[in-house]
Structure formats: C-alpha cells, structure tokens
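Here is a walk through one protein model. Keep the structure open and follow along, from a pair of helices to the sheet and then the core.

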Amino acid sequence: MSTYKVRLYTDCDYDKVKEILTSGMFEHQAAAFYHALSLPHNWLALLVGFLLPLVTTGYFALSMVGVVSVMVALWVSIRGLIRYCVKKGLEGDLKDIEGYYMRKGHCFWVAESAGEVVGTVAAAPLPGGEKSTELKRMSVASTHRGKGVAKMLCRTLIDFARKSGCSMVVLHTTSVQFDAVRLYEKMGFRHVDTSYQGSLINWLLGFIWVTYRYDIPANK
Ligand SMILES: CC(C)(COP(=O)(O)OP(=O)(O)OC[C@H]1O[C@@H](n2cnc3c(N)ncnc32)[C@H](O)[C@@H]1OP(=O)(O)O)[C@@H](O)C(=O)NCCC(=O)NCCS
C-alpha cells in the first residue's frame, strides 16, 4: 500500500490517463455481451435467427449463420456503444483535463507508483439544490488492481467533497462493472437508482445505468 500515492493531475499525465481510462472502459465488453445474451428479448432474436433461415430455406447451416449473425450484431453494438462513450469523454471533460477539472469545485487526481501513473479519479459539482460532488473517471491499471488503489482514490475524493462543504457524493456506473459496484458498496455508497437512460439500444443491450450515493456525515 505504501508504494502508492495520490496526487493532483498535471498535463504530463495526459497520455497515461487516457490509456488507463480507455482500456478500463473497453474491458467491460465481454461482460456486457454475456449480460445481453442472458436477456429474454435477445433469446427471442437468437431463436428467430435460427428458425427463419431453417423455415424459409430448409438449410440447417443457414440457421447457424442466422444465430452467429445475431451474436455478431450484439457484439458490434456493444463495442459501438463503448466507443461512443469513450469518444464523448475524449471530446468532453477529457479533452483538456487541466482546464476542465482544475477549477473551483472540480478536481482530478492520479495514483502513482514508482513515478508511474496507475489510477485516476475526478470530482465535479452536480447541479441542484443540495451541494453534492459527482465521482467520475475512476479507473486503475489492470496490473495494479486489488491493492487498494481505488479505495485510496475514493477516500481522497470523499475528503475533497467534505472539505468543499458537500453533503453527498454521487456516481453513475453500469450493472456489468462488477468490480466497481463491489468497490463502491465496500466504501459505503448505497444504490439509489437504476435506469436505461431512455435509449432503445441501451434497453436492447441491457445496458443498465446505476446510481450510487454516499452521504457525508455532517459532524465529520
Ligand atoms: C473498479 C476498479 C477501479 C477497482 O480498482 P482496485 O484498485 O482494484 O480496487 P481496490 O483494490 O481499491 O479494491 C477496493 C474494493 O473493491 C472490491 N473489489 C475490487 N476489485 C475486486 C475484484 N476483482 N473482486 C472482488 N472484489 C473486488 C473489494 O471489495 C475491494 O476491497 P477489499 O480488497 O478490501 O475487499 C478497477 O477494477 C477498474 O479500474 N476497473 C475498470 C474501470 C472501471 O470499471 N471503473 C469504474 C467506473 S464507474
């Protein structure tokens, strides 16, 4: 544990931060695919993919092509959705991290080990009546997982939110980010909402967004 330290982001960290965040997002592709395959409406699509060519042509081999096509369509759609999220981030808050995060109510930290950036997390204020901070951009390089780096980053952010006078920390993740969900629940966040964020493709792929909230005790 003592080999890791958390410090503020500087622009020299940009390439490594981008790499950690991008690979952290793409690694959920397989989990998202298996989740999509477990959904009843996708079983139906697979059944149609199997039966339609069989009934119309009588060739079993074409049925297999039908099933594989549905699976490929799911895989490509999930990849496209993740790619869209990555692009949106890189064109949004991650385009100029210092400019976006190094200002009042915002912050971006990196975890470092032996001079190498191994993890990231960011804070941004949430609009609304209650003063709250959103936890964003949590990611740890796969070679440094399970060593408490994310917990250190989480504590740094909660401390920042407390010192900024916030009453809560809120975050959004997806139901297939299993390690992240375990991390947040372990840190005392509680699940407050689940949504498909209104998009048909999200519903088809079962891409469920979950919201977690951590209430900061008033006296601490
Ligand atoms: C989620 C993530 C940030 C966790 O990073 P980490 O540094 O490995 O996490 P920590 O070592 O600090 O572990 C914190 C807690 O999370 C849970 N956890 C994390 N990874 C786990 C795993 N593979 N299996 C079981 N529990 C796990 C544990 O409860 C752990 O506490 P414990 O070790 O005291 O039991 C990391 O897996 C990651 O970067 N994933 C890809 C990107 C991502 O999903 N980011 C979240 C976006 S919302």
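**A helix pair, a sheet and two cores**

Start with two helices in this predicted model. Helix α3 (residues 40-57) packs against helix α4 (residues 60-91) at an angle of about 150 degrees, and their axes are 7 Å apart. Angles over 145 degrees count as roughly antiparallel. α3 and α4 are therefore roughly antiparallel to each other. The crossing of α3 past α4 is right-handed. Which residues make the contact? On α3 they include Ala45, Leu46, Gly49, Phe50 and Pro53. On α4 they include Phe60, Leu62, Gly66, Val67, Val70 and Leu74.

Now turn to the sheet. Strands of a sheet pair through backbone hydrogen bonds, either parallel or antiparallel. Here the pairing is mixed. The sheet is open and has 7 strands, in the order β1-β2-β3-β4-β5-β7-β6. β1 (4-8) and β6 (190-195) stand at the edges. Each has a single partner strand, so one side of each is left without a neighbour in the sheet. From one strand to the next, the twist averages 25 degrees.

Look at one strand pair within the sheet. β3 (residues 116-126) and β4 (residues 132-140) pair in the antiparallel sense, over 7 bridges. One bridge links Leu126 to its partner Ser132 in β4.

Helices pack on this sheet too. Helix α6 (residues 149-163) touches β1, β2, β3, β4, β5 (168-174) and β7 (209-215). The direction of α6 makes about 30 degrees with that of β3. Helix α1 (residues 14-26) lies across β2 (107-113), β3 and β4. Its run is at about 80 degrees to β3.

What lies in the largest nonpolar core? This core has 34 residues, and Leu153, Leu157 and Val169 have the most contacts inside it. Two or more residues each come from α1, α5 (97-101), β2, β3, β4, α6, β5 and β7. The largest share, 7 residues, comes from α6.

Take Val169 as an example. Setting aside neighbours within four places in sequence, Val169 is in contact with Ser132, Thr133, Leu135, Leu157, Ile158, Ala161 and Tyr214. Two of these have appeared already: Leu157 is among the residues with the most contacts inside the core, and Ser132 is the bridge partner of Leu126.

A second core is separate from this one. It has 7 residues, among them Ala32, Ala36, Ile78 and Leu205.

Conventions: Residues are numbered from 1 along each chain as its sequence is written. This is a predicted model: local features need pLDDT of at least 70, side-chain atom pairs count only at pLDDT 80 or more; totals for chains, interfaces and linings use all residues. Two strands pair if DSSP finds at least two bridges between them. Helices (H or I, at least four residues) and strands (E, at least two) are DSSP runs, numbered from the N terminus. Axes are lines fitted to C-alpha atoms, for helices over the stretch in contact, and angles run from 0 to 180 degrees between N-to-C directions. Two residues are in contact if their C-beta atoms, placed from the backbone, lie within 7 Å. A nonpolar core is a set of buried Ala, Val, Leu, Ile, Met, Phe, Trp, Tyr and Cys residues joined through C-beta atoms within 7 Å. A residue is buried if 20 or more other C-beta atoms lie within 10 Å of its own, exposed if 12 or fewer, and partly exposed in between; C-beta atoms are placed from the backbone. Angles under 35 degrees count as roughly parallel, over 145 as roughly antiparallel, 65 to 115 as roughly perpendicular and the rest as oblique. A crossing is left-handed if the near helix is turned anticlockwise from the far one by less than a right angle, and right-handed if clockwise.
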